[in-house]
Amino acid sequence: MAAVPWRNGQGLTRIIAEDNAHTLPEWRLSVADILHDAPFSAFAGWQRSIALLGSGVLEMQEKAGEWQHALGACCPPYVFCGADEVLSSCPNGAVQALNLMVRRSENAEKIVEFVLHQTVFSIQNMGQTKSDYFLFPSTGAWTMRSGDVDYPVTPGNVWHCRSENLQNTVLKPVEEKSSLYCIRV
């Protein structure tokens, strides 16, 4: 995927997927390359969830001092208001971050999950609502068993599937201290 500059020109992002069912997208999923200390672009009307992919540290603070948070490898996603003016710092060098933005409006009824997994888990089609799943291994290798077939899932890969195509899918870490982010929209 092609990298494009952030709105403020201070970093790069790769859009993985976004809602195409509406004139204004209700959600957007991207991977950001945070190359140096820089402010984030502001997105009024959105809620943002961010998690670090791989190793490193990302320190963030709201410009007026309302909050501060540090992300490291294997940390749960951090949720904040897209309108916040956020200053970021990369004390150990450049990092990659997984960024999920969800539009906050009166009409937004979509359920979104952004979860860190470090142990065996499953994804099952309950036949209720159609959902898209995105799997991002962050550290260590995983095995995905769907039916009777095993697939390797390794950092740097992105898996996408739709709930109607899922039966019982089990994901299992291969290595100790493996982590994987699962996003359902």
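In which sense do β2 and strand β3 (residues 27–34) pair, and over how many bridges? The two strands pair in the antiparallel sense, and six bridges connect them. This pairing is one element of a predicted model, and the paragraphs below place it in the wider architecture.

The secondary structure of the protein consists of 18 strands and zero helices. The chain has 185 residues, for which a compact globule would have a radius of gyration near 16 Å; the protein has 17 Å, and therefore agrees with that expectation. Along the principal axes, the C-alpha atoms fill a box of roughly 50 × 40 × 30 Å. Among contacts with a separation of 6 or more, 69% are accounted for by residues 24 or more positions apart.

The surface may be described next. Of the 185 residues, 45% count as buried. The protein exposes about 9,900 Å², and carbon and sulfur atoms supply 49% of this area. As for charge, there are 14 positive and 19 negative side chains. The centres of these two sets lie 4 Å apart.

At the N-terminal end of the strand numbering, strand β1 (residues 4–5) runs antiparallel to strand β2 (residues 12–18), and two bridges join them. Within this pair, V4 has T13 of β2 as its bridge partner. β1 and β2 form a hairpin, with six residues between the two strands. The turn contains G9, whose phi is positive, at about 75°. Strand β2 also pairs with β3; on that side, E18 stands opposite R28 in β3. Strand β2 thus takes part in a pairing with β1 and in another with β3. In a regular strand, the side chains alternate between the two faces of the sheet.

A loop further along the chain offers a second local view. The loop between β8 (78–81) and β9 (86–89) contains A83. Is A83 buried, exposed or partly exposed? The relative accessible area of A83 is 38%, and since buried means under 20% and exposed means over 50%, A83 is classed as partly exposed. Which residues does A83 contact once its neighbours within four places in sequence are left aside? They are A42, F43, A44 and W46. The C-alpha atom of A83 is also separated by 8.2 Å from that of Q47, a residue 36 positions away along the chain. A83 therefore combines a partly exposed position with contacts to A42, F43, A44 and W46.

How values were computed: Residues are numbered from 1 along each chain as its sequence is written. This is a predicted model: local features need pLDDT of at least 70, side-chain atom pairs count only at pLDDT 80 or more; totals for chains, interfaces and linings use all residues. Side-chain values use heavy atoms; hydrogens and water are left out. Helices (H or I, at least four residues) and strands (E, at least two) are DSSP runs, numbered from the N terminus. The radius of gyration is taken over C-alpha atoms; the globule rule is 2.2 Å times the number of residues to the power 0.38. Buried means under 20% relative accessible area, exposed over 50%, partly exposed in between (1.4 Å probe, protein chains only). Contact means heavy atoms within 4.5 Å. Accessible areas come from the Shrake-Rupley method with a 1.4 Å probe; for residues, only the protein chains shown count as cover. Lys and Arg count as positive and Asp and Glu as negative; His and the chain ends are not counted. The place of a charge is taken as NZ of Lys, CZ of Arg, CG of Asp or CD of Glu. Two strands pair if DSSP finds at least two bridges between them.
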